[in-house]
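Here are a few exercises to work through with the model open beside you. Take them in order, and try each one before reading its solution.

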Amino acid sequence: MASILVLNGPNLNLLGTRQPEVYGSTTLAEIETLCVDYGATNGHDVTCFQSNHEGALVDAIHNARGVHNGIVLNAGAYTHTSIALMDAIASVELPVIELHLSNIHAREEFRHKSYIAKVSIGQICGFGPAGYGLALDALTGHLKGMS
Ligand code: DQA
């Protein structure tokens, strides 16, 4: 059994009403339920956390060390700006799957750059809420390969 942290960053608390033409109508609560249910079905422990604050996300990554086996991270806009989040991931040496609801590579140029990608084992983007299930599959498969 793996313990996994699903971490969501700024503005993702507004999913469901935030630019539904880009991010869809599924709420964060529904996504978190999907993730917890994934864990229950597949024998993993899934914990979810969201913050709009960069430091709180850094703290959550630090606190994951020794508690969780890996992280699914949608860092929102901090993906494109945050050296602090990149350094936090590098520091804890936990496997991270980078996730985005939208296809960041098909959007504005500034969204093409990801600091998270440099310290992640892989990136999933463009599949909407289903991406969380794909990311959990990828992470648990990765962890299984390591054990
Ligand atoms: C996002 C993509 C980011 O560029 C954006 O800033 C977000 C959401 C996504 O899930 O598609 O807040 O991470």
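**Exercise 1.** Where is R107 found?

*Solution.* Start by noting that this is a predicted model. Next, follow the chain past strand β4 (96-100): R107 belongs to the loop that links β4 to β5 (122-125).

**Exercise 2.** With which residues is R107 in contact, leaving aside its neighbours within four places in sequence?

*Solution.* Set those sequence neighbours aside, and the list reads V22, Y23, S102 and H112. Now look at Y23 in detail: its side chain and that of R107 form a polar contact at 3.0 Å. Y23 also belongs to the set of residues surrounding the ligand, and so does S102.

**Exercise 3.** Which residues surround the ligand, and how do they divide into nonpolar, polar and charged?

*Solution.* First, list the shell: R18, Y23, N74, G76, A77, H80, H100, L101, S102, I104 and R111. Then sort these residues by type, which gives 4 nonpolar, 5 polar and 2 charged.

**Exercise 4.** Find the polar atoms of H80, L101 and R111 that lie 2.7 Å, 2.8 Å and 2.9 Å from ligand oxygen atoms, then say how much of the ligand the protein buries.

*Solution.* Begin with H80, where a polar side-chain atom is 2.7 Å from a ligand oxygen. L101 uses a backbone N or O atom instead, at 2.8 Å from an oxygen of the ligand. R111 places a polar side-chain atom 2.9 Å from a ligand oxygen. Finally, turn to area: the ligand taken alone exposes 320 Å², and the protein buries 99% of that. As for its location, the ligand sits in the largest cavity.

Conventions: Residues numbered from 1 in each chain as written. Predicted model: local features only at pLDDT ≥ 70, side-chain atom pairs only at ≥ 80, totals over all residues. Heavy atoms only, no water. Near = heavy atom within 4 Å. Polar contact = N/O pair within 3.5 Å; in protein donor to acceptor, adjacent residues only side chain to side chain. Areas by Shrake-Rupley, 256 points an atom, 1.4 Å probe, with all protein chains shown as cover. 1 Å grid on protein atoms, 1.4 Å probe; cavity = no way out; pocket = protein on both sides within 12 Å on 5 of 7 lines; lining within 4 Å. Sits in = over half its atoms within 2 Å of the grid points. Nonpolar A, V, L, I, M, F, W, Y, C, P; charged D, E, K, R; others polar. Helix = DSSP H or I, 4+ residues; strand = E, 2+ residues; numbered from the N terminus. Contact = heavy atoms within 4.5 Å.
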